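Colleague: I've got a model open and want to get better at reading charged side-chain contacts. Could you walk me through it?

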Amino acid sequence: MKEYREKLKIDTIIIAIAALILAAASGLAFANEYGIIDLFTPVTGDSHWHSKWNGFISGAAAGLFVFMLVALFRNIRAIRNEKALKKLYVKDNDERTKEIIKSSQAAAYRTLLIIGLVAV
């Protein structure tokens with residue numbers, strides 16, 4: 001369990017760094033929308049397109065930021081609480097879930113391959 005706790009600490013650091021980057025990207029796109037800075041500007045298009053572009057970047061980054069925060073709080077809670085750590089360990093290492101994910105990935109890969117062949 002000690003090895004899993006160390007792995008979870010490293011994952012938590014990576015998630016925290018990614019969350020900070022996403023928060024910065026969202027803030028920069030929001031600031032670009034209001035003319036404070038000029039960073040995320042598409043090469044072509046009018047001001048309406050620029051506004052949609054900045055709104056998309058800001059919204060997507062903010063949405064991913066929320067998911068990162070949820071994962072961050074889950075990992076911190078598991079690191080501090082032994083019972084939550086065991087529960088998360090079982091959830092992450094459940095062999096049935098791994099098999100279900102593996103078979104669904106194989107089905108999705110086949111589907112994308114067929115769609116790609118039809119598209120070509």
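Modeller: Sure, let's go through the salt bridges and their surroundings. This is a predicted model, so local features need pLDDT of at least 70 and side-chain atom pairs count only at pLDDT 80 or more, while totals for chains, interfaces and linings use all residues. Residues are numbered from 1 along each chain as its sequence is written, and side-chain values use heavy atoms, with hydrogens and water left out.

Colleague: What counts as a salt bridge, and how many salt bridges are there?

Modeller: You look for a side-chain nitrogen of Lys or Arg within 4 Å of a carboxyl oxygen of Asp or Glu. That rule gives 5 salt bridges here.

Colleague: Which parts does the pair Arg5 and Glu82 tie together?

Modeller: Their side chains meet at 2.5 Å, N to O. Arg5 sits in helix 1 (residues 2-33) and Glu82 in helix 3 (residues 82-92), so the bridge ties together parts 77 residues apart in sequence. Helices here are DSSP runs of H or I, at least four residues, numbered from the N terminus.

Colleague: And where do Lys102 and Glu99 lie?

Modeller: Both are in helix 4 (residues 95-119), 3 residues apart, about one turn of the helix. Their N to O distance is 3.5 Å.

Colleague: Is Arg96 buried or exposed?

Modeller: Buried means under 20% relative accessible area, exposed over 50%, and partly exposed in between (1.4 Å probe, protein chains only). Arg96 is exposed at 63%, and its salt-bridge partner Asp94, 3.6 Å away N to O, is partly exposed at 22%. Glu82 is partly exposed at 36%, and Glu99 is partly exposed at 47%.

How values were computed:
Helices (H or I, at least four residues) and strands (E, at least two) are DSSP runs, numbered from the N terminus.
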